[in-house]
Amino acid sequence: MGRKNRTRQRAQPNRDGRPEGKRNRDDAGWGAGYSEIIKENKLFEHYYTELKIVPEGEFEEFMEAMREPLPATIRITGYKSHAKEILHTLKEKYFKEVQDLEVDGQKIEAPQPLSWYPDELAWHTNLSRKILRKSPLLEKFHQFLVSETESGNISRQEAVSMIPPLLMKIEPQHKILDMCAAPGSKTAQLIEMLHSDMDIPFPEGFVIANDVDNKRCYLLVHQAKRLNSPCIMVVNHDASSIPRLHFDQDGKKDILFYDRILCDVPCSGDGTMRKNIDVWKKWTTSNSIHLHGLQIRIAVRGVEQLAVGGRMVYSTCSLNPIEDEAVIAALLEKSEGALELADASADLPGLKYMPGITSWKVMTKEGQWFSDWSEVPTSRHTQIRPTMFPPTDPEKLANMKLERCMRILPHHQNTGGFFVAVLVKKAPMPWNRRHPKLRNKEVNSSSETAAAEELQMGESLADVPPADGSSADAPVEAVEGETPAEGNPSVPDTPDPSEVKKDHVCGPPPPKKMKLFGFKEDPFVFLTEDDPIFPPIQAFYDLSPDFPKLNVLTRTREGKKRNLYMVSKELRNVLLNNSERMKVINTGVKVWSRNNDGEQFGCAFRLAQEGIYTLCPYIRARIINISVEDVKVLLTQENPFLSKLGDDAHTQAKKLEMGSIVLRYLPDPQDLDAPQCPIDLCGWRGKTSIRAFVSRNECLHYLRMVGVEVFRDKQGKRNDGSTETQEESTEDAEGLSQEADLLEQEDCTLVQEHLVG
């Protein structure tokens with residue numbers, strides 16, 4: 001090969017002063033970078049006209065809506081006690097300010113609540129990111145959205161994406177699996193619902209969020225971390241072969257079945273054409289045909305791990321019945337009555353949808369139609385499978401009640417296209433009629449005996465994925481004496497490590513270790529109750545006797561522990577019993593951080609703001625009750641003198657030694673102008689001063705709650721007189737938001753090799 005020309009011609013700047021071809025981030029509004037894409041696809045129109053999924057006479061309106069930009073939607077996190085305060089601020093201040101504005105000739109409509117979302121916690125508007133960033137009139141509103149999103153109080157999420165978690169009917173005690181979780185907007189909803197009662201720091205339930213892509217798992221971690229929950233665990237597995245987990249119950253090991261499962265599978269994404277504009281030119285019917293088998297395998301694996309009486313919500317952002325009703329029909333047929341489609345029509349009043357269809361055809365990318373499997377030539381049997389067609393038996397088809405499925409069309413409520421179905425498990429699956437038994441019958445010890453067990457993640461065992469097309473085959477019946485896993489049509493469970501062949505003992509061959517992709521995670525090491533780290537912490541913060549020491553973990557095996565994290569009792573149970581079965585990316589919420597200066601004051605660990613609401617129910621000392629005015633002083637001045645506090649707070653502070661403290665505001669029901677929710681801040685009591693340890697975006701959030709509007713101008717100056725060193729928070733949050741958008745688009749990009757292959 002010849003040498004590359006090292007003297008490349010420098011790109012000439014355009015009229016904006018940027019090199020030609022370099023796109024400005026401010027141009028990232030709807031359609032930016034897509035001007036060359038024509039929103040036409042004759043094959044798409046022909047296909048859906050023939051399938052008649054759109055009511056008669058509405059197809060032109062349907063296509064017109066598909067070509068329009070998607071409205072921006074935001075959701076206020078519902079589990080935090082200050083959700084009502086944020087809603088009040090939005091309605092009374094920001095929404096009124098943007099009402100009836102006109103920007104670049106476009107009239108700004110007042111944001112409207114989604115009629116079907118409970119408690120007015122979700123809103124939509126015609127504001128695009130481009131308008132928000134460029135208009136000085138909307139700059140305050142833009143900064144509010146950015147900082148509140150980064151601090152986890154607001155999520156930017158497509159309207160139809162909010163539907164599946166609502167249909168799951170989450171309760172605090174539920175064990176939940178999110179099978180294809182990244183980028184994490186639905187996972188965040190599940191966590192919020194789990195923490196619906198903020199007086200319970202550790203709900204009995206938990207969320208295990210899984211994704212097959214290692215890199216996407218880290219965006220998922222970021223989304224979950226904003227909510228600071230001890231009940232979330234992010235794992236990295238192929239959803240179609242996610243291992244069956246064990247846990248201790250009454251001193252004996254048992255199989256973990258989930259009460260709720262979200263099965264939001266990879267799809268062709270033709271319902272997202274309003275935001276993923278490149279789908280217009282790439283759409284073809286072969287996309288759905290290629291993904292059908294994978295979707296069935298993931299769904300089958302889901303219902304296998306669903307508890308009897310539990311609910312699984314299956315959803316796609318595709319309108320194609322091959323990815324929607326065909327998958328549901330295949331599941332119902334395989335289940336032989338064990339599954340039932342639930343009627344969710346009354347669960348979301350105000351939501352407009354079309355019932356599922358019972359008749360559809362399959363079309364190849366060349367335009368050839370097949371109405372029945374018998375019409376498919378042998379040469380196409382490897383691509384087109386029998387499960388892609390509706391059942392031929394009219395009675396069986398009627399009993400499936402496919403009309404209970406829900407298809408959301410874009411033109412009905414100005415949303416994206418979506419499909420959702422709710423399945424209820426009435427009995428074990430036919431190949432799992434007997435309750436799965438652990439093969440290692442000698443292990444009966446409880447999780448307490450393994451309290452200090454180190455969980456070195458990344459040494460998981462992998463299930464062997466099934467061959468393509470296996471999902472279309474009939475399930476294998478469990479044979480007498482055969483374990484349910486052996487009669488499993490999906491993927492055999494990971495063998496227990498205790499089954500590995502020992503000397504002079506017959507048994508199966510040793511399982512292969514899972515190949516590691518991405519980063520190798522630090523270990524998760526639980527502390528014992530008598531760990532020497534606890535006595536100084538216990539004494540300094542006067543922890544209550546019921547503080548769950550066994551739930552505390554660290555991420556290091558040797559040397560000083562830098563940070564301490566907490567998980568719920570149930571997640572600890574899962575972690576200790578499945579260290580060889582799963583690859584954990586992240587779990588736990590940080591509650592303490594090492595501060596070497598603190599050792600001289602009696603405790604080397606200071607409180608971490610992330611876990612303050614988890615820890616506070618157990619802390620009985622080092623608490624200073626503060627007023628609204630104290631909150632303003634602490635968050636607008638970097639190191640205020642103790643004398644700057646109110647008399648009451650000043651008196652309390654003088655009685656405390658130097659070190660980490662809790663600054664607590666309790667609402668006054670008589671003062672309706674003040675926040676009506678409690679606020680807990682981490683702080684440090686110095687020799688003569690006091691300060692709050694709160695991140696920048698959380699600081700802005702709490703200041704808004706107490707009536708102080710902090711606005712940064714283009715020079716980074718704040719209107720309270722202080723100066724920001726950089727104006728990076730907006731850029732960082734915008735970048736994260738765009739990254740999330742790109743990852744959502746990846747979900748809907750045609751056939752992904754790492755998912756299909």
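1. Helices and strands here are DSSP runs, numbered from the N terminus; a helix has at least four residues and a strand at least two. On that basis the chain has 21 helices and 30 strands. The model is a predicted one. Of the 757 residues in the chain, 57% are buried. Contacts reach far along the sequence. Among those with a separation of 6 or more, 77% join residues 24 or more positions apart.

2. Start with the annotated active site. The UniProt record, an unreviewed entry, puts the feature "active site" at Cys317. Cys317 is a loop residue, set between β13 (306-316) and α11 (325-335). Is Cys317 buried or exposed? The relative accessible area of Cys317 is 15%. Buried means under 20%, so Cys317 counts as buried.

3. Next, the annotated binding site. The same kind of record, again an unreviewed entry, gives the feature "binding site" at Cys180, Ala181, Ala182, Pro183, Gly184, Ser185, Lys186, Asp211, Asp238 and Asp264. Two of these positions are taken up below.

4. Gly184 sits in the loop between β7 (175-178) and α7 (185-194). Its relative accessible area is 2%, so Gly184 is buried. Setting aside residues up to four places away in sequence, Gly184 touches Leu220 and Gln223.

5. Asp238 is also on the UniProt binding-site list. Its place is the loop between β9 (232-236) and β10 (246-249). Asp238 has 27% relative accessibility and so counts as partly exposed. Which side chain does Asp238 join through a polar contact of 2.9 Å? The partner is the side chain of Ser240.

6. One open sheet deserves a look. It has 4 strands in the order β4-β5-β1-β6, and the pairing is antiparallel. Strands β4 (112-113) and β6 (154-156) form the edges, each pairing on one side only. Inside the sheet, β1 (residues 72-76) and β5 (residues 122-125) pair in the antiparallel sense over 4 bridges. Within this pairing, Thr73 stands opposite His124 of β5. Strands of a sheet pair through backbone hydrogen bonds, in either a parallel or an antiparallel sense.

7. Aromatic pairs come next. The structure holds 19 of them. Phe540 and Tyr541 make one: their ring centres are 5.0 Å apart and their planes stand at 85°, so the pair is edge-to-face. Phe540 and Tyr541 are both buried.

8. A further edge-to-face pair joins Phe547 and Tyr618, with 5.5 Å centre to centre and 80° between the planes. Where do these two residues lie in the chain? Phe547 is in the loop between α14 (534-541) and β22 (552-554), and Tyr618 is in the loop between α16 (612-615) and β27 (623-626). The pair thus links distant parts of the chain, 71 residues apart. Phe547 has 5% relative accessibility and counts as buried. Tyr618, at 10%, also counts as buried.

9. Ring pairs also build a cluster. Its members are Phe44, Tyr47, Tyr48, Phe59, Phe62, Trp280, Trp283 and Trp369. Trp369 has a charged neighbour as well: Lys361 lies over its face, 4.7 Å from the ring centre. Elsewhere, Arg606 has its charged end over the ring of Phe693, at 4.8 Å from the centre.

10. Helix α15 (residues 569-577) is mostly covered, with 7 of its 9 residues buried. Which residues of α15 are buried? They are Leu571, Arg572, Asn573, Val574, Leu575, Leu576 and Asn577. The list includes Arg572, along with Asn573 and Asn577.

11. Arg664 closes the note. It belongs to strand β28 (residues 659-665). Its relative accessible area is 17%, so Arg664 is buried. Leaving out neighbours within four places in sequence, Arg664 is in contact with Cys616, Ile623, Ile624, Asn625, Ile626, Ile679 and Asp680.

Technical notes. Residues are numbered from 1 along each chain as its sequence is written. This is a predicted model: local features need pLDDT of at least 70, side-chain atom pairs count only at pLDDT 80 or more; totals for chains, interfaces and linings use all residues. Side-chain values use heavy atoms; hydrogens and water are left out. UniProt positions are given in the numbering used here, feature names are shortened, and annotations may be inferred rather than shown by experiment. Buried means under 20% relative accessible area, exposed over 50%, partly exposed in between (1.4 Å probe, protein chains only). Rings of Phe, Tyr and Trp (its six-membered ring) pair if their centres lie within 6.5 Å; planes under 30 degrees apart count as stacked, over 60 as edge-to-face and the rest as tilted. A charge sits over a ring if NZ of Lys or CZ of Arg is within 6 Å of the ring centre and within 35 degrees of the ring normal. Two strands pair if DSSP finds at least two bridges between them. Contact means heavy atoms within 4.5 Å. A polar contact is a pair of N or O atoms within 3.5 Å; within protein, one must be able to donate a hydrogen and the other to accept it, and residues adjacent in sequence count only if both atoms are side-chain atoms.
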